[in-house]
Amino acid sequence: MINPLFIYASIWLGVVFLYSLGLTKNLVAPPAIGFLVILMNIFSMVIIYLIVCRRFGKDSIFRDELYFYKIVKFLRMLFFIWFIGTLAEVLFSGGVPLFWSFGGEDKLYTEFGVASLHGILNAIYLQLLTIAFYIFLRYKRYGYFLFVFIMMLWPILMLGRGILLSGVIQMACIYFYFNKLTLWRATLLLFFSILVVVIFGAVGDMRQTANPFAYLVVDEYSDFFAALPSGFLWFYVYLTAGLSNFFANIEALSTNFNFGYSFSNMLPSFVKNMLGLDSRNDLLVFVDVNLNTSTVYAG
């Protein structure tokens, strides 16, 4: 189940399946070239996987028994950097988004943090979770599980559902690297997946009084989503909206053989500001202006 080829293909095909259900009004008819790009993605991953597997065996990875203390030392160094940087962001922003929401302050969660530094700290945060969870599973050090549990509260404080979900997925990958999928574990996985969806929606609802995507639901499915926790609609829209924008634009855009759009989107925010570049540098026309997401091909 942890096979990277399986994960990559199942994510793409899973999103395509959800898209095919057509539960929201923003989903456009997918063009043939859109499906062709997805198949090319999966085929490319097959080639890369075969090349990598021939060169690196599983036994060459995670042979770290002799390096346990080095791992712990690295973890502590990362945590120190993350803690100091996060403390600076909290002071700079004047608090955290969750308290802003409960306190009625007129500030958005997107206003939290320092441009570019915030992205680096989020990356460090995910690495902290990954390393600590790995140490817990590999060496049965239960104190690191407590550390992970406490750290998982941070995305909730900053209303960062994306970072929360990323952390959960990374830890799930580590878990199933060391453990085979049994019926009991599959049941636990389903339970925790539903729990994440519910929490994801609850955190999202803290930002407003109602689910902002209710207007997108196709009339015949309105009762269906009304009976479920709001997180299910959040998840469905987040998973399919990017693909809808991609399908809507792929036939309209033509290649200009210029790296400007692609390259600028890889630059940190503070570099864009220094160069006077638009934070969003692409030509995509969104199907719905409220759903400003797309695939990696946006640039």
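1. In this predicted model, ring pairs join Phe79, Trp82, Phe83, Trp100, Phe112, Tyr125, Phe147 and Trp154 into a cluster. The search of the whole structure returns 25 aromatic pairs. One of them is formed by Trp82 and Tyr125, whose rings are tilted, with 6.0 Å from centre to centre and 40° between the planes. Trp82 belongs to helix H3 and Tyr125 to helix H5, so this pair ties together parts that lie 43 residues apart in sequence. Trp82 is buried, at a relative accessible area of 7%, and Tyr125 is buried as well, at 1%.

2. A further tilted aromatic pair consists of Tyr134 and Phe178, with a centre-to-centre distance of 5.8 Å and an angle of 35° between the planes. Because Tyr134 sits in helix H5 and Phe178 in helix H8 (residues 161-178), the pair ties together parts 44 residues apart in sequence. As to burial, Tyr134 has a relative accessible area of 7% and is buried, whereas Phe178, at 31% relative accessibility, counts as partly exposed.

3. The packing of helix H3 (residues 68-93) against helix H5 (residues 117-139) has an angle of about 145°, and the axes are 9 Å apart. The crossing of H3 past H5 is left-handed. On the H3 side, the contact includes Phe68, Ile71, Val72, Phe74, Leu75, Leu78, Phe79 and Trp82, and among the polar or charged participants are Thr86 and Glu89. On the H5 side, the contributors include Leu117, His118, Leu121, Ile124, Tyr125, Gln127, Leu128, Ile131 and Tyr134. By class, the residues of this contact comprise 19 nonpolar, 4 polar and 1 charged. Trp82 and Tyr125, the tilted pair of point 1, are thus both found among the residues of this helix contact.

4. Helix H3 also meets helix H6 (residues 142-151): their axes come within 14 Å and cross at roughly 20°. Angles under 35 degrees count as roughly parallel, and H3 and H6 are therefore roughly parallel to each other. H3 passes H6 in a left-handed crossing. The contact is made by Val72, Leu75, Phe79 and Trp82 from H3, together with Tyr144, Phe147 and Met151 from H6. Its residues divide into 7 nonpolar, no polar and no charged. Phe79, Trp82 and Phe147 of this contact are also members of the aromatic cluster.

5. Phe200 is located in helix H9 (residues 183-205). With a relative accessibility of 4%, Phe200 counts as buried. Leaving out residues up to four places away in sequence, Phe200 touches Arg161, Gly162, Trp234, Phe235 and Tyr238. Of these, Arg161 and Gly162 fall within the residue range of helix H8 (residues 161-178), and Trp234, Phe235 and Tyr238 fall within that of helix H11 (residues 231-249). Phe200 and Tyr109 are separated by 91 residues in sequence and by 15 Å in space, taken from C-alpha to C-alpha.

6. Asn245 has its place in helix H11 (residues 231-249). Is this residue buried or exposed? Asn245 is buried, with a relative accessible area of 1%. When neighbours within four places in sequence are set aside, Asn245 is in contact with Leu284, Phe286, Val287, Leu291, Thr293 and Ser294.

Technical notes
Residues are numbered from 1 along each chain as its sequence is written. This is a predicted model: local features need pLDDT of at least 70, side-chain atom pairs count only at pLDDT 80 or more; totals for chains, interfaces and linings use all residues. Side-chain values use heavy atoms; hydrogens and water are left out. Axes are lines fitted to C-alpha atoms, for helices over the stretch in contact, and angles run from 0 to 180 degrees between N-to-C directions. Helices (H or I, at least four residues) and strands (E, at least two) are DSSP runs, numbered from the N terminus. A crossing is left-handed if the near helix is turned anticlockwise from the far one by less than a right angle, and right-handed if clockwise. Contact means heavy atoms within 4.5 Å. Angles under 35 degrees count as roughly parallel, over 145 as roughly antiparallel, 65 to 115 as roughly perpendicular and the rest as oblique. Rings of Phe, Tyr and Trp (its six-membered ring) pair if their centres lie within 6.5 Å; planes under 30 degrees apart count as stacked, over 60 as edge-to-face and the rest as tilted. Buried means under 20% relative accessible area, exposed over 50%, partly exposed in between (1.4 Å probe, protein chains only).
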